[in-house]
Amino acid sequence: MNIIHKYIDLNDLPRNNLGKINWKKSVGMSVYFEYDDIKGNIKILEYVKGKRNKLKIQYKNDIIYITPGHLTEVCLGKLLNKKTSEFKLNINDVLKDNNRDLIILDKEVR
């Protein structure tokens with residue numbers, strides 16, 4: 001099992017009277033993070049209040065929406081292109097080894 005080092009510094013974000021992060025007042029602020037071998041800053045662009053509150057965040061030129069809970073848990077694999085739901089092979093790709101030639105005929109998400 002591959003263990004990923006994850007860290008985020010949320011100490012400088014504004015807090016409410018109970019000590020919880022005030023995400024609305026955090027808009028425009030940046031936070032330092034570490035995710036596996038990537039280190040940098042994420043900017044909080046927007047706070048969207050709704051059925052599931054979301055943050056619009058930016059790393060370099062990439063922007064995604066994420067829940068505040070996922071940000072605090074450093075769930076940044078999608079933003080950093082470490083995790084993807086895109087296929088890595090295409091139909092008709094040929095895979096060869098010493099014993100066989102395989103041709104990709106179809107794609108399936110599981």
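This is a short tour of a predicted model, stop by stop, with a selection to make at each one. Local features need pLDDT of at least 70 and side-chain atom pairs count only at pLDDT 80 or more, while totals for chains, interfaces and linings use all residues. Numbering starts from 1 along each chain as its sequence is written, and side-chain values use heavy atoms, with hydrogens and water left out.

**Stop 1: the core**

Select F33, I42, I57, L71 and L76. These have the most contacts inside the largest nonpolar core, which has 21 residues. A nonpolar core here is a set of buried Ala, Val, Leu, Ile, Met, Phe, Trp, Tyr and Cys residues joined through side-chain atoms within 4.5 Å. Buried means under 20% relative accessible area, exposed over 50%, and partly exposed in between, with a 1.4 Å probe and protein chains only. Now colour strand 2, strand 3, strand 4 (54-59) and strand 5 (62-66): each supplies at least two residues of this core. Strands (E, at least two residues) and helices (H or I, at least four) are DSSP runs numbered from the N terminus.

Stay with I42 and show its surroundings. Leaving aside neighbours within four places in sequence, I42 is in contact (heavy atoms within 4.5 Å) with M29, S30, V31, F33, I57, Q58, Y59, L71, L76 and L79.

**Stop 2: an aromatic pair**

The whole structure holds 2 aromatic pairs. For one of them, select F33 and Y59: the ring centres are 5.3 Å apart and the planes stand at 80°, so this pair is edge-to-face. Rings of Phe, Tyr and Trp (its six-membered ring) pair if their centres lie within 6.5 Å; planes under 30 degrees apart are stacked, over 60 edge-to-face, and the rest tilted. Since F33 belongs to strand 2 and Y59 to strand 4, the pair ties together parts that are 26 residues apart in sequence. F33 is buried at 0% relative accessibility, and Y59 is buried at 11%.

**Stop 3: K56 and T67**

Move along strand 4 to K56, which is partly exposed with a relative accessible area of 24%. Beyond four places in sequence, K56 is in contact with K43, I44, L45, E46, I63, I64 and Y65. For a distance check, pick the C-alpha atoms of K56 and G19: they are separated by 22 Å, with the two positions 37 residues apart along the chain.

Next, select T67 in the loop between strand 5 and helix 1. T67 is buried at 13% relative accessible area and, not counting residues up to four places away, touches R52, N53 and K54.

**Stop 4: two positive phi angles**

Which residue between strand 2 (30-35) and strand 3 (38-48) should you pick? Choose D36, in the loop there; its phi is positive, about 60°, although it is not a glycine. D36 is partly exposed, at 33%.

V74 also has a positive phi, near 60°, and sits in the loop between helix 1 (68-72) and strand 6. V74 is buried, with a relative accessible area of 5%.

**Stop 5: the surface**

Select D97 and R100 for the 1 salt bridge found in the whole structure. Their closest N and O atoms are 3.3 Å apart; a salt bridge is a side-chain nitrogen of Lys or Arg within 4 Å of a carboxyl oxygen of Asp or Glu. D97 is partly exposed at 39%, and R100 is partly exposed at 45%.
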